[in-house]
Amino acid sequence: MTIPIEYYLILSAFMFVVGIAGVLTRRNAIIVFMSVELMLNSANLTFITFSSYLGDSVGQLFVFFVMTVAAAEAAVGLAIIIALFRNKLTVNIDEINILKW
Amino acid sequence: MSLELILFIIFAIISAVSAVLMITRVNPIISALFLILNFASLAGLYLLLNAQFIAVAQVIVYAGAIMVLFLFVIMLLKPEHEKKLLAVNKNVKIFAYIVAALVFLQLAYMIFFAKPSVSMNAQVAASIHAGTIEAIGFELYSNYILPFEAAGFLLLAATIGALVLAKKKFE
């Protein structure tokens with residue numbers, strides 16, 4: 001572990017920012033969802049980096065929990081997208097505005 | 001240049017480039033495949049950080065299970081006019097890139113201002129032990145047993161929720 005810790009943190013920050021840009025620019029609900037997964041993964045990279053440089057396994061434990069939540073979120077979110085597609089025949093998030101008043 | 005640095009540069013370039021390609025490709029299937037590549041290179045980075053268990057779990061859970069679910073749903077839904085989906089308001093796009101650049105500048109400023117590599121020294125021996133499945137399992141079943149049970153309950157709730165949501169009949 002001769003690499004400075006900043007390299008990992010900057011890579012993680014860059015991936016998070018790419019995820020933000022993906023969420024804000026894409027209109028396909030599935031790609032928006034994949035960008036959220038990308039942001040979760042960049043947070044995981046930060047967790048593992050600090051866990052490894054501090055020599056403490058609790059950070060890796062939390063990555064394990066984040067993976068659990070991401071799996072649950074993917075299952076429920078994709079089921080919601082399928083249900084929306086059945087009702088409106090689109091995955092464009094600009095046209096899915098029934099919750100807007 | 002050490003082997004560790006070379007491997008880090010390779011994996012970092014793969015993960016950064018595949019992340020950018022993921023949000024710019026028109027076809028959602030290709031986006032999903034680039035996301036899988038990104039997850040795989042992240043698993044390589046986890047191995048460089050002595051986190052073997054999480055690296056394996058990353059490949060199995062993320063690149064395997066979750067992305068198969070995504071690919072299933074992409075192929076299940078009728079492909080739309082992607083050109084129409086790409087027609088985003090120009091102002092929205094500019095706003096999105098400005099927000100992204102501001103967040104990146106803020107994060108980079110914090111990372112370099114705090115100087116974590118000066119204030120903390122790497123615990124190499126401890127980190128080799130911390131990444132083993134033995135150390136993680138010990139923590140999981142002793143100090144973090146309640147969050148572990150809660151995670152199991154969350155997965156059960158998500159399974160039932162996904163079934164209920166996706167079961168509804170066509171009208």
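This passage walks through the two chains of a predicted model, the contact between them and a few single residues.

Some housekeeping comes first. Residues count from 1 along each chain as its sequence is written, while chains are lettered from A and ligands numbered from 1 in the order in which they are written. Because the model is predicted, local features need pLDDT of at least 70 and side-chain atom pairs count only at pLDDT 80 or more, whereas totals for chains, interfaces and linings use all residues.

Chain A is a helical affair, with 3 helices and 0 strands (helices are DSSP runs of H or I of at least four residues, strands are runs of E of at least two, and both are numbered from the N terminus). Along the sequence, the pattern of chain A reads α-α-α. Its radius of gyration comes out at 17 Å, where a compact globule of 101 residues would sit near 13 Å (the radius is taken over C-alpha atoms, and the globule rule is 2.2 Å times the number of residues to the power 0.38). The C-alpha atoms of chain A fill a box of roughly 55 × 25 × 20 Å along the principal axes. Of the 101 residues in chain A, 53% are buried (buried means 20 or more other C-beta atoms within 10 Å of a residue's own, exposed means 12 or fewer, and partly exposed is in between, with C-beta atoms placed from the backbone). Among contacts in chain A with a separation of 6 or more, 45% join residues 24 or more positions apart (a contact means that two C-beta atoms, placed from the backbone, lie within 7 Å).

Chain B is helical too, with 9 helices and 0 strands. Chain B has a radius of gyration of 21 Å, well over the 16 Å that the globule rule gives for 171 residues, so it is more spread out than a compact globule. The C-alpha trace of chain B spans about 60 × 40 × 30 Å along its principal axes. Buried residues account for 26% of the 171 residues in chain B, and residues 24 or more positions apart make up 53% of its contacts with a separation of 6 or more. The domain assignment cuts chain B into domain 1 (1–81), domain 2 (88–122) and domain 3 (132–171); such bounds come from an automatic or database domain assignment. Between domain 2 and domain 3 of chain B, the C-alpha centres are 32 Å apart.

Now for how the chains meet. In total, 66 residues of chain A are in contact with 76 residues of chain B. On the chain B side, the helices that each supply at least two residues include α1 (3–24), α2 (28–48), α3 (52–76) and α5 (90–114). That side of chain B breaks down into 60 nonpolar, 11 polar and 5 charged residues (Ala, Val, Leu, Ile, Met, Phe, Trp, Tyr, Cys and Pro count as nonpolar, Asp, Glu, Lys and Arg as charged, and the others, Gly among them, as polar).

Two helix pairs across the chains are worth a look. Two packed helices are described by the angle between their axes and the distance between the axes. Helix α1 (residues 5–25) of chain A packs against α1(B) at about 10°, with the axes 9 Å apart (axes are lines fitted to C-alpha atoms, for helices over the stretch in contact, and angles run from 0 to 180 degrees between N-to-C directions). The two helices, α1(A) and α1(B), are therefore roughly parallel (under 35 degrees counts as roughly parallel, over 145 as roughly antiparallel, 65 to 115 as roughly perpendicular and the rest as oblique). Residues in this contact include A:Phe14 and A:Met15 of α1(A), plus B:Phe8 and B:Ile23 of α1(B). By class, the contact of α1(A) with α1(B) holds 12 nonpolar, 2 polar and no charged residues.

The second pair is set at another angle: helix α3 (residues 58–88) of chain A and helix α8 (residues 133–142) of chain B cross at roughly 70°, their axes coming within 9 Å. That makes α3(A) roughly perpendicular to α8(B). Here A:Val58, A:Gln60 and A:Leu61 meet B:Ile136, B:Glu139 and B:Leu140, giving 4 nonpolar, 1 polar and 1 charged residues.Finally, a few single residues. A:Ile5, in helix α1 of chain A, counts as buried because 21 C-beta neighbours lie inside 10 Å. Leaving out residues up to four places away in sequence, A:Ile5 touches A:Thr49, A:Tyr53, B:Pro116 and B:Ser117. Most residues other than glycine have a negative phi. A:Leu89, in the segment after α3 of chain A, has a positive phi of about 55° and counts as exposed, with 11 C-beta neighbours inside 10 Å. B:Asn50, in the loop between α2 and α3 of chain B, has a positive phi near 65°, and its 23 C-beta neighbours inside 10 Å make B:Asn50 buried.
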